[in-house]
Amino acid sequence: MGHAEVGMPLQSKSPEPPAISQNLAAAGPTPDSKPKKKICCACPDTKRLRDECIVQHGEAACEKWIQAHKQCLRAEGFKV
């Protein structure tokens, strides 16, 4: 019976870290907070579309993708 008692504290502690991280995530982004991601990693979809367009058509032809990416970055909290 001693073995079961030793295992109990470990089992009761294991759910705590996920609960703590969920609470931090729930407290998450506010308009005044700094972005949690690096700008290089934010908005990968619009970044990819923008980059592909620029490579194929040149920057002047891709204004809508550039603006869409900037809008996404602003939504993530970056000042661009």
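# Helices, cysteines and a buried histidine

Student: What does Gly58 do with phi just after helix 3?
Tutor: In this predicted model, Gly58 takes a positive phi of about 90 degrees, right after helix 3 ends.

Student: OK, and what about helix 3 itself: how far apart are its end C-alpha atoms?
Tutor: They are 20 Å apart. The helix has 14 residues, and at 1.5 Å a residue it should span 20 Å, so the expected span and the model agree.

Student: Where does Glu52 sit?
Tutor: Glu52 is part of helix 3.

Student: Is Glu52 buried or partly exposed?
Tutor: Glu52 counts as partly exposed, because its relative accessibility is 38%.

Student: And how far is the C-alpha of Glu52 from that of Cys62?
Tutor: Those two C-alpha atoms are separated by 9.4 Å, and the residues lie 10 places apart along the chain.

Student: Since Cys62 came up, let's do cysteines. How many disulfides does the structure hold?
Tutor: It holds 2 disulfides. One of them joins Cys53 to Cys62, with the sulfurs 1.9 Å apart.

Student: Left-handed or right-handed, that Cys53 and Cys62 link?
Tutor: Left-handed, with -90 degrees about the S-S bond.

Student: Are Cys53 and Cys62 buried or exposed?
Tutor: Cys53 is buried because its relative accessible area is 10%, where the cut-off is under 20%. Cys62 is buried too, with a relative accessible area of 0%.

Student: Which cysteine is joined to Cys43?
Tutor: Cys72 is the partner, at an S to S distance of 2.0 Å. This pair ties together distant parts of the chain, 29 residues apart. Cys43 is in the loop between helix 2 (16–27) and helix 3 (44–57), while Cys72 belongs to helix 4.

Student: What's the angle about the S-S bond for Cys43 and Cys72?
Tutor: It is -95 degrees, and the link is left-handed.

Student: How do Cys43 and Cys72 come out, buried or partly exposed?
Tutor: They split. Cys43 has 6% relative accessibility, so Cys43 counts as buried. Cys72 has 23%, so Cys72 counts as partly exposed.

Student: What pattern do the disulfides follow?
Tutor: Counting the bonded cysteines along the chain, the pattern is 1-4, 2-3.

Student: Why is the sulfur of Cys40 not bonded to that of Cys41?
Tutor: The sulfur of Cys41 is the closest cysteine sulfur to that of Cys40, but at 3.3 Å the gap is too far for a bond, because a disulfide needs the sulfurs within 2.5 Å. Cys41 is in no disulfide, its nearest cysteine sulfur being that of Cys40.

Student: Are Cys40 and Cys41 buried or partly exposed?
Tutor: Both are partly exposed: Cys40 has a relative accessible area of 45%, and Cys41 has 49% relative accessibility.

Student: New topic: His69. Where is it?
Tutor: His69 is in helix 4, which covers residues 63–75.

Student: Buried or exposed?
Tutor: His69 is buried, because its relative accessibility is 4%.

Student: What does the His69 side chain reach?
Tutor: The side chain of His69 reaches the backbone nitrogen of Lys47, at 3.3 Å.

Student: Which residues is His69 in contact with, leaving aside neighbours within four places in sequence?
Tutor: His69 is in contact with Ala42, Cys43, Thr46, Lys47 and Arg50. Among them, Cys43 is the cysteine joined to Cys72, and Cys72 is in helix 4, where His69 also has its place.

Notes
Residues are numbered from 1 along each chain as its sequence is written. This is a predicted model: local features need pLDDT of at least 70, side-chain atom pairs count only at pLDDT 80 or more; totals for chains, interfaces and linings use all residues. Side-chain values use heavy atoms; hydrogens and water are left out. Helices (H or I, at least four residues) and strands (E, at least two) are DSSP runs, numbered from the N terminus. Buried means under 20% relative accessible area, exposed over 50%, partly exposed in between (1.4 Å probe, protein chains only). A polar contact is a pair of N or O atoms within 3.5 Å; within protein, one must be able to donate a hydrogen and the other to accept it, and residues adjacent in sequence count only if both atoms are side-chain atoms. Contact means heavy atoms within 4.5 Å. The expected span of a helix is 1.5 Å times one less than its number of residues.
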